[in-house]
Amino acid sequence: MTVDARGCSCPQPVLMTKKALEKESSFEVLVDNNTAKNNILRFAQSQGCKASVEDGENADEYVIKISK
């Protein structure tokens with residue numbers, strides 16, 4: 001599953017991540033700014049999840065992989 005949160009302002013990307021975490025144990029989140037990336041990483045850690053970040057296809061895009 002991929003959550004596309006590009007173009008969304010906070011707290012929307014975190015809320016989208018939370019909703020996906022309720023349904024899936026492993027998924028990716030696409031974001032296009034550092035603030036959303038950092039907030040999602042903090043949220044994932046607070047939920048006891050593993051999270052890693054890779055650069056996306058374009059500048060300032062990130063792919064965050066989250067797993068329980």
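User: Which residues of helix 2 are buried?
Analyst: This is a predicted model, in which local features need pLDDT of at least 70 and side-chain atom pairs count only at pLDDT 80 or more, while totals for chains, interfaces and linings use all residues. Residues are numbered from 1 along each chain as its sequence is written, and side-chain values use heavy atoms, with hydrogens and water left out. Buried means under 20% relative accessible area, exposed over 50% and partly exposed in between (1.4 Å probe, protein chains only). In helix 2 (helices, H or I of at least four residues, and strands, E of at least two, are DSSP runs numbered from the N terminus), the buried residues are A36, K37, I40, F43 and A44.

User: Within what arc do the buried residues of helix 2 fall?
Analyst: The arc is that of the directions from the helix axis to the C-beta atoms. R42, Q45 and S46 are exposed on the other side of helix 2. The buried residues line one face of the helix, because seen down its axis they fall within an arc of 135°.

User: What span should the 13 residues of helix 2 have?
Analyst: The expected span of a helix is 1.5 Å times one less than its number of residues. The end C-alpha atoms of helix 2 are 18 Å apart, which agrees with the expected span of its 13 residues, 18 Å.

User: Which elements cover the buried residues of helix 2?
Analyst: Contact means heavy atoms within 4.5 Å. The cover over the buried residues of helix 2 includes helix 1, strand 2, strand 3 and strand 4.

User: Which element supplies the largest share of the largest nonpolar core?
Analyst: A nonpolar core is a set of buried Ala, Val, Leu, Ile, Met, Phe, Trp, Tyr and Cys residues joined through side-chain atoms within 4.5 Å. The largest one has 16 residues, and F27, V29, V31, I40, I64 and I66 have the most contacts inside it. Helix 1 (12–23), strand 2 (26–31), helix 2 (34–46) and strand 4 (62–67) each supply at least two of its residues. The largest share, four residues, comes from helix 2.

User: With which residues is V29 in contact, leaving aside its neighbours within four places in sequence?
Analyst: V29 is among the residues with the most contacts inside the core. Beyond four places in sequence, V29 is in contact with V3, A5, T17, I40, Y62, V63, I64 and I66.

User: What is the order of the strands in the open sheet?
Analyst: Two strands pair if DSSP finds at least two bridges between them. Strand 1 and strand 2 run parallel and are joined by three bridges, with T2 opposite E28. Strand 3 (residues 50–55) and strand 4 run antiparallel and are joined by six bridges. The four strands have mixed pairing and the order 1-2-4-3.

User: Which strands stand at the edges of the sheet?
Analyst: An edge strand here has a single partner strand, so one side of it is left without a neighbour in the sheet. The strands at the edges are strand 1 and strand 3.

User: What angle does the direction of helix 1 make with that of strand 2?
Analyst: Axes are lines fitted to C-alpha atoms, for helices over the stretch in contact, and angles run from 0 to 180 degrees between N-to-C directions. Helix 1 packs on the sheet, where it touches strand 1, strand 2 and strand 4. The direction of helix 1 makes with that of strand 2 an angle of about 165°.

User: Around what arc of the axis of helix 1 do its buried residues lie?
Analyst: P13, V14, T17, A20 and L21 are buried in helix 1. The face turned away from them carries the exposed residues K19, E22 and K23. The buried residues are on the same side of helix 1, because they cover an arc of only 125°.

User: Is K18 buried, partly exposed or exposed?
Analyst: K18 is found in helix 1. Because its relative accessibility is 43%, K18 counts as partly exposed.

User: What is the relative accessible area of E61?
Analyst: E61 lies in the loop between strand 3 and strand 4. Leaving aside neighbours within four places in sequence, E61 is in contact with R6, V31, D32, E54, D55 and G56. E61 is buried, with a relative accessible area of 15%.

User: What is the phi of D60?
Analyst: Most residues other than glycine have a negative phi. D60 lies in the loop between strand 3 and strand 4 and counts as exposed at 52% relative accessibility. Although D60 is not a glycine, its phi is positive, at about 65°.

User: What is the omega of the peptide bond from C10 to P11?
Analyst: P11 has its place in the loop between strand 1 and helix 1. The peptide bond from C10 to P11 is cis, with omega near 15°.
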